[in-house]
Amino acid sequence: MKSLIALMVILPILCGLLLNLLHKKDRTIKILALIVAIILPLIPLIASYGTYYFGGYPPITENPTIAKYLPAYITGSYLTKFHPAITYIFNSAQRIFIFILGLVAFLAIFTSLNEVKKPSGVYSFLMFMATAAVTAIILADDIFNLYVFFEIAAISQAGIILSSNIKGSYKMALRYLLLGGVAAPMLLLGVALLLGAVGNVNISDMILAMKTGLVNPANPIFLAAAGLIIFGWLYGSGLPPFHTIKSGLYSKALPHAASLIQAFSVFTLVALGVIILRLFYYVPVVRWAFIIFSIAAMALGISMAIMQTDFKRLIGFLAVGELGYIGIGLGLGTAMSITAGLFQAVNEALVTACLFLGFGTILYQTGTSEIDKLGGLLKYRPGVAGLMILAGFIMAGIPPFNVFQSKLMLIQSAISAGFPELALIMILLSIVTFMTFMKAYYAIYLKPEPRDLEVKDRIPSSTIFSMIVLLVICTVFGILPKIATSQFGSIIQLLTP
Amino acid sequence: MRGRYIMTLYDTIIKKIREMEEKTRREAAVTNISASAVLTAELTIISTVLLMILMIRKLNIYVMVLVFLLGAFLLFSMMPITATLRREQTDSFYKMIFYVILTFGVLISLLYWGNINV
């Protein structure tokens with residue numbers, strides 16, 4: 001069943017390529033896309049844990065047949081532990097991340113296929129490609145392979161925005177690519193410096209080389225690499241200074257695409273963040289950088305969100321702001337904070353996807369995202385309004401839902417780590433998140449309906465189904481948080497001494 | 001006296017919002033909701049920055065006190081901060097690229113400083 005690890009990346013790529021070729025064959029596209037989208041979250045559930053080697057073989061220590069024919073100066077050295085292949089690692093943490101990513105991808109693709117009469121093969125191709133790329137980022141133990149998929153994910157996301165046909169989407173996608181033209185080469189340069197210093201691109205091998213004294217970790221080359229890779233991480237995850245472009249990107253995407261793109265940001269933040277902390281475990285300032293950029297994301301994202309008059313931009317800024325909680329969890333570096341940060345990542349991917357889909361229903365009903373032009377929508381679909389307020393409560397951290405559990409854990413871990421100020425910041429910003437959501441909710445659903453507002457009573461049932469699925473999982477994770485938190489042991493082991 | 005000061009601050013913020021909306025050619029009136037949103041954002045930014053400064057105590061408590069007083073003075077004298085913040089965080093590519101380069105500089109300095117001091 002280890003071959004299923006590779007299938008998690010290969011299947012969406014193959015499906016995407018086929019969909020591209022099948023462009024205009026509407027019925028075939030719908031059936032194929034839907035089948036593969038259903039399979040995506042199921043593969044991680046049935047795949048066995050382990051390591052998959054692409055285009056190579058396991059380390060010599062695990063391969064006695066090869067070791068027999070090698071000279072003693074090789075078999076007696078650390079080279080025998082190195083990975084002469086592109087390596088993917090699949091453990092319990094990767095399982096839950098890929099399952100949640102697959103689920104959000106399925107719901108986004110399912111909603112997209114149901115909302116349009118003529119599905120676009122190219123559009124579905126981009127969604128599958130980006131999903132495959134982020135899955136590979138989660139699995140990769142090879143930093144160059146990770147960089148390649150990082151670029152594919154960025155280009156696919158820009159492509160999704162280009163295909164949305166929303167006013168200004170071309171400009172936004174181009175800006176995102178241009179900023180990527182600055183940040184991604186920095187990441188590549190960081191990878192090149194590491195390769196130059198260690199002579200290997202496998203992350204586990206690099207760490208082994210540093211810990212066993214094969215290379216000197218105090219070499220300034222490593223420090224420069226840390227700076228460059230962190231810069232790429234900020235771009236991929238949408239932390240400041242890339243928070244404006246990321247929130248703009250969400251606002252120019254169709255709601256189902258935005259729900260998927262935010263999940264890409266969340267899992268890129270986690271996957272690359274864990275790699276940075278593993279590689280530069282001996283540089284305390286790296287953890288400080290995580291905390292500073294995370295607080296900046298929270299403060300800027302949430303305070304900008306409350307001032308927005310466009311609900312798509314509002315939720316975009318909120319999504320960026322909430323990323324900060326994950327970064328703080330990773331940056332604090334204790335077992336509890338890392339668990340809380342990773343749990344927050346899972347929760348945020350779920351609830352933000354639900355909110356994007358929910359705000360999409362308002363856009364579908366009224367055709368506008370300007371909050372000032374809206375009002376009185378409660379009477380049209382009170383059930384959807386109920387789902388929306390539930391999603392808002394979850395994001396703000398109201399008990400007994402999942403985000404409450406992860407934020408509480410984060411606050412407790414900040415206090416235990418000796419940073420009560422951080423706990424206060426997190427509480428304060430959760431309150432402001434709640435205010436932001438309530439402000440938008442009041443303006444859209446509760447205030448008197450403007451006279452010139454035209455409202456469609458119909459909402460696609462696929463959107464409501466997707467919202468209910470996401471909210472049910474949020475509630476289950478809230479009542480039984482151990483289902484998720486017990487999965488992160490493999491990462492905590494790597495990050496804590 | 002304090003009440004008068006708060007009202008003056010409130011008027012200043014409302015005036016700034018009007019100016020901002022005129023600049024963006026928006027004709028919508030300044031509502032209670034938009035004014036309270038800007039005030040909340042203002043207080044959020046100030047409190048977050050001040051709380052963040054408190055973390056400097058891990059390095060040196062005297063430096064923290066100094067930075068806190070300096071930070072508090074600067075923040076209160078620069079009010080309303082959100083007006084500037086909103087103007088700077090637009091979709092302008094030039095502003096984005098400026099902050100990207102600035103952050104890159106700060107990040108590299110932080111790592112260099114961290115390496116020689118930690």
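**How chain A and chain B meet in a predicted model**

Modeller: In this predicted model, 52 residues of chain A are in contact with 37 residues of chain B, where contact means heavy atoms within 4.5 Å. Residues are numbered from 1 along each chain as its sequence is written, and chains are lettered from A in the order in which they are written. Local features need pLDDT of at least 70, side-chain atom pairs count only at pLDDT 80 or more, and totals for chains, interfaces and linings use all residues, while side-chain values use heavy atoms, with hydrogens and water left out.

Biologist: What is the area buried between chain A and chain B, and how much of it do carbon and sulfur atoms give?

Modeller: Buried area is the accessible area (1.4 Å probe) that two parts lose on being put together, summed over both. By that rule the area buried between chain A and chain B is about 4,000 Å², and carbon and sulfur atoms give 80% of it. In chain A, the residues that lose the most area to chain B are A:Val285, A:Met307 and A:Glu421, which together make up 16% of what that side buries.

Biologist: Why is the pair B:Arg57 and A:Glu421 called a salt bridge?

Modeller: The term asks for a side-chain nitrogen of Lys or Arg within 4 Å of a carboxyl oxygen of Asp or Glu. The side chains of B:Arg57 and A:Glu421 meet at 2.4 Å, N to O, so the pair satisfies the definition.

Biologist: What makes B:Asp91 and A:Arg313 a salt bridge, and where do these residues lie?

Modeller: Their side chains meet at 2.9 Å, N to O, so this pair also falls within the cut-off. The pair crosses between chains, from B:Asp91 in the loop between helix H4 (81-88) and helix H5 (93-117) of chain B to A:Arg313 in helix H14 (residues 311-332) of chain A; helices here are DSSP runs (H or I, at least four residues), numbered from the N terminus. Across the interface the rule finds two salt bridges, and a search of the whole structure finds five over all chains.

Biologist: What makes the residues A:Ile468, A:Val472, A:Val476, A:Ile479, A:Leu480 and A:Ile483 a nonpolar surface patch?

Modeller: A patch is made of residues with over 30% relative accessible area (Shrake-Rupley method, 1.4 Å probe) and no salt bridge, like charges being joined within 9 Å and nonpolar side chains (Val, Leu, Ile, Met, Phe, Trp, Tyr) within 5 Å. These six residues make a patch of about 510 Å², and helix H19 (residues 461-479) of chain A gives the most to it, with four residues. A:Val472 is placed in that helix H19.

Biologist: Why is the peptide bond from A:Pro240 to A:Pro241 worth pointing out?

Modeller: Most peptide bonds are trans. The bond from A:Pro240 to A:Pro241, however, is cis, with omega near 10 degrees, and A:Pro241 is found in the loop between H10 and H11 of chain A.

How values were computed: Helices (H or I, at least four residues) and strands (E, at least two) are DSSP runs, numbered from the N terminus.
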